[in-house]
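Please work through the exercises below with the sequence and the model side by side, and attempt each task before reading its solution.

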Amino acid sequence: MTEERPAEPLELRSIRSYHAHIYWSTAEQRAVALRVREQIAARFSVQLGRVHDVAVGPHPIAMYQVAFSIEVFAGLTPWLMLNRGGLSVLVHPNTGHARDDHERNPLWLGAPLALLTESLPNEPGTDGISDVVANTSPTLPAA
Ligand code: ZN
């Protein structure tokens, strides 16, 4: 695979939002993941996705998605560093280029997983990502 480098750096403003994907493969890890999910909801204004107990899309094992705005990144990302409970977590930007977002430009916390990115589109605007609509009501400080 040839790594094509852009002549100019990509602009930060190309990032419209972020996703965190929290993965598990055992019943014990699932319980940890659901506890982390509740802790996130109590502390951060994010859009929690459904719990997927089977692999979906490019994700090779069970997971749920947390969609969040660029303003939330600086709090949630280090919180996940400290509190992911040993689980693998993928944090990726949403720039409209779905394959690059997952394959070239992600941040992994814990052990990275091999994503199934071949089928992801990479043309601008084909990622189907819409604006973050927070569905949590945090009552605790993100401390
Ligand atoms: Zn995602």
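The exercises that follow treat the sheet, the helices that pack on it and the aromatic contacts. This is a predicted model, in which local features need pLDDT of at least 70 and side-chain atom pairs count only at pLDDT 80 or more, while totals for chains, interfaces and linings use all residues. Residues are numbered from 1 along each chain as its sequence is written, and side-chain values use heavy atoms, with hydrogens and water left out.

**Exercise 1.** Determine the order of the strands in the sheet and find which strands stand at its edges.

Solution. Strands are DSSP runs (E, at least two residues) and helices likewise (H or I, at least four), numbered from the N terminus; two strands pair if DSSP finds at least two bridges between them. On this basis five strands form an open sheet with antiparallel pairing, in the order 2-3-1-4-5. Strand 2 (47-52) and strand 5 (107-109) each have a single partner strand, so one side of each is left without a neighbour in the sheet.

**Exercise 2.** Trace the pairing of strand 4 and decide whether its residues are buried or exposed.

Solution. Begin with strand 1 (residues 17-23), which pairs with strand 4 (residues 89-94) over six bridges in the antiparallel sense; here H21 stands opposite L90, and H19 has H92 as its bridge partner. Next, three bridges join strand 4 to strand 5, with V89 opposite L109. Finally, six of the six residues of strand 4 are buried, so it is largely enclosed by the rest of the structure; buried means under 20% relative accessible area, exposed over 50% and partly exposed in between, with a 1.4 Å probe and protein chains only. V89, V91 and P93 point one way, and L90, H92 and N94 the other.

**Exercise 3.** Classify the aromatic pairs Y18 with F73 and Y23 with W108.

Solution. Rings of Phe, Tyr and Trp (its six-membered ring) pair if their centres lie within 6.5 Å, and planes under 30 degrees apart count as stacked, over 60 as edge-to-face and the rest as tilted. The structure holds five aromatic pairs. Y18 and F73, at 4.5 Å centre to centre with 35° between the planes, form a tilted pair that links strand 1 to helix 2 across 55 residues. Y18 is buried at 12% relative accessible area, whereas F73 is partly exposed at 26%. The rings of Y23 and W108 have centres 5.9 Å apart and planes at 25°, so this pair is stacked; Y23 lies in strand 1 and W108 in strand 5, 85 residues apart.
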